[in-house]
Amino acid sequence: MTTEENRTTLLREVKQLIVDALQLDDVQPDSIADDEPLFGTGLALDSIDALELAMAITRRYAVKMSQGEETRDAFRSVGHLVDYILLHAA
Amino acid sequence: MPMLSPRQQPLLHAFAIKIAALAAGGGALVALPWPWGVAVAAGVALLTVGFLAHAIAHPRSQYFAPVVHRATTTRREVALTFDDGPDPVVTAEVLDILAAHRARATFFVLGERAALHPELVRRIQAEGHTVGTHTQHHRMRFHFGSAGYVRREIEDAVDVVGGILSRRPSLFRPPHGVRSPCFARGWRGTRALTCVTWSARGLDARATDADRVVARVEKHLAPGAIIALHDGTGLGGSTDRSATLAALPRLLEACRERGLRCVGLDSLEREGALVPGPSAFEAEVFPLKAVLPGVLYWPFRAFRTLEVASCFAAFWTGAVVFAWVGLPILALWPGSPAVKMHRSLRALRRCFDAFHLMMRVLFLYRRESGSASARSGGAPASSPVVLVANHPTLCDVTAVVSLFPNVVCLARSAIVKNPLMGRLLRICGFVPTGPATLHDCVERLRMGFDVLIFPEGTRSPREGGLQIFHRGAFEIAIRAGVPIVLLKLTCRPPALSKSLPMWRNPDGMAVLNVEVLETITPERGQDSRTLCRAVEKRYHELLGLVPDSPALEYST
């Protein structure tokens, strides 16, 4: 599997994960754009969602998500999250 | 130069006293050689203590609790009052004398004695006199006891007399006329009782003779006078009431000569003549700027800012001393971590109480709470709750923490990491915001603590306004399966609020009102977003904000 394919799969997985973990019943995973903001506008998630999502990602990909600039950056969009996972899961 | 009305004078007096005390004490320490400087400073300290004693014990002082010391009547009426009864011998004789002179009076009875002689209490009322209360037991502890003890002492007596007369007495005389801070705290928790002191007293509770009692009272006989006498034996008093009984006919005669009618306080109350003097030193009551000439106003403002700054300094120094000296000593006592946390928290509450007393003595700020007693003090709560509140001022955290027995607060992680404040907050079980917040808060609830959370995450924007609510508090309550108690905090005039810098503190005293509104019991698995929006909406209604304010457009 090439890196590019890997990333596409991961994007799809993370979108599904967001919908499942946060029980966003009215959101289709495919309707979330890769660069759509997760907080504030866009999906409009809040701090509790961030915690849940961080826990779900940690469980699924064994990636540590602690407080800090880098983690905050990772939560900007699905694309950023996937990049973060790819960087740290290795 | 505008004249100061009597209503405005206390604040200026206080300012003058503080300036004089500081100037004299500080100046003496600097300027005078040893030991004169110290001696003068000690003298000044004594004077200040004297001022406090005046505030607590003077029958006219409105400082800690509003009192009626004389009736505001224009009719030629006076009120004789008798404390510490009923006494089977003395009270009966007093009633006979009053009847012979066709005079009415008021009896402030002790609950325990009323319970022993209910027939006397009924006779007092049947003969047209007024019955008030004077605490259940009249013990020294009343002046120093906890708010709960004071409240019990007051309410027990009211219940006893109310039971005998099938009508709750509404007048109350504080023992020795003392309204200490301890008293004021407990008294505020009781149902609307009017506190009555006196404008003249016979000092007949101790051994004396009738001539002196008459002489003390006679010169104060004027319309509206309230005269304190005794028909029972009070705390530390003599058991001999012969002076009272001998003086009473002469006093009644003196009233008759002056054309003064002796009436019960209830008739004055119906007349609307029992009004407490101007209470506390609040800004709405004292439009200071309009009253004080400019030359005095700006020094006063500067001094005020200095006082606020000194409170900040005291708060931070206190926190450091408490964290590094007080808590380590406390930690020497054995106990499980939860017990130690409760113990530290109790000590923290005492410190906050002291801090509030300081702010109150400086006329800066006081808290008021009618219903905070909803959660009883002492042991870990058997049914912990999540407390949510709006956040109008910096002072409200200390107020809520010291009013509720077992509350830990969700604090910004920056404060918990702060080297000065952090240690204190960690030991007392405060929870920092961060990834572990939910887990930690649920853990605290399981340990039996109430958790206080300001869902706005910061102070409310302006007077009466609200920021957008975050749903963390609600998520925590749902996960822990505990009820949510809504608190409404109002600070009037606004002080130390989000948009108000320290030097713009109000002229008068800011009053923080803590009101327990209602309890919500969330269902397990309920969606915290919906609950959060519902509570946010409720707060908008409660604070009288327009229902279509921006916060409600926030999508759910």
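Where in chain B is Asp353(B) found? In this predicted model, Asp353(B) belongs to helix α13, which runs over residues 337–361 of chain B. The residue is buried, with a relative accessible area of 12%, and a charged side chain like that makes you look for its partners. Leaving out residues up to four places away in sequence, Asp353(B) touches Arg185(B), Arg367(B) and Ser402(B). With one of these, Arg367(B), there is a side-chain polar contact of 3.0 Å.

Now zoom out to the chain around it. Chain B has 556 residues, and 52% of them are buried. Its secondary structure comes to 19 helices and 15 strands. If you take the contacts in chain B with a separation of 6 or more, 77% of them are between residues 24 or more positions apart.

A good element to follow next is helix α18 of chain B, residues 472–480, which is mostly covered, as 8 of its 9 residues are buried. Among them are Phe474(B), Glu475(B), Ile476(B) and Ile478(B). What lies over these buried residues? The cover includes pieces of both chains: α2 (47–61) of chain A, along with β10, α17, β13, β14 and α19 of chain B. Just after the helix comes Gly481(B), with a positive phi near 65°.

Helix α18(B) also leads to the other chain. Arg479(B) forms a salt bridge with Glu52(A), with N and O 2.4 Å apart. Arg479(B) sits in α18 of chain B and Glu52(A) in α2 of chain A, so this pair joins the two chains. Both ends are partly exposed: Arg479(B) has 32% relative accessibility, and Glu52(A) has 23%. Another bridge across the chains pairs Arg529(B) with Asp49(A) at 2.8 Å, N to O. In total, 3 salt bridges run between chain A and chain B. On chain A, the side that touches chain B has 3 nonpolar, 1 polar and 3 charged residues.

How much area is buried between chain A and chain B? It is about 820 Å², and carbon and sulfur atoms give 48% of that. The contact involves 7 residues of chain A and 9 residues of chain B. There are also 3 residue pairs in polar contact between the chains, counting pairs with both residues at pLDDT 80 or more.

Salt bridges turn up elsewhere too, with 24 over all chains. Within chain A, Glu13(A) and Arg60(A) form one at 3.7 Å between the closest N and O atoms. That pair links helix α1 to helix α2 of chain A, 47 residues apart. Glu13(A) is partly exposed at 27% relative accessibility, and so is Arg60(A) at 45%. Within chain B, Glu77(B) and Arg261(B) meet at 2.9 Å, N to O. They join strand β1 to strand β8 of chain B, across 184 residues of sequence. Glu77(B) is buried, with a relative accessible area of only 3%. Salt bridges with shared partners also tie Asp49(A), Glu52(A), Arg471(B), Glu475(B), Arg479(B) and Arg529(B) into one network.

Last, the cysteines. The whole structure has 0 disulfides over all chains. For Cys395(B), the nearest cysteine sulfur belongs to Cys491(B), 6.7 Å away, and Cys395(B) itself is buried at 6% relative accessibility. Cys441(B) is unpaired because the closest cysteine sulfur, in Cys409(B), is 9.3 Å away, too far for a bond. At 0% relative accessibility, Cys441(B) is buried as well.

Technical notes. Residues are numbered from 1 along each chain as its sequence is written. Chains are lettered from A and ligands numbered from 1 in the order in which they are written. This is a predicted model: local features need pLDDT of at least 70, side-chain atom pairs count only at pLDDT 80 or more; totals for chains, interfaces and linings use all residues. Side-chain values use heavy atoms; hydrogens and water are left out. Contact means heavy atoms within 4.5 Å. Buried area is the accessible area (1.4 Å probe) that two parts lose on being put together, summed over both. A salt bridge is a side-chain nitrogen of Lys or Arg within 4 Å of a carboxyl oxygen of Asp or Glu. A polar contact is a pair of N or O atoms within 3.5 Å; within protein, one must be able to donate a hydrogen and the other to accept it, and residues adjacent in sequence count only if both atoms are side-chain atoms. Ala, Val, Leu, Ile, Met, Phe, Trp, Tyr, Cys and Pro count as nonpolar, Asp, Glu, Lys and Arg as charged, and the others, Gly among them, as polar. A disulfide is a pair of cysteine sulfur atoms within 2.5 Å. Buried means under 20% relative accessible area, exposed over 50%, partly exposed in between (1.4 Å probe, protein chains only). Helices (H or I, at least four residues) and strands (E, at least two) are DSSP runs, numbered from the N terminus.
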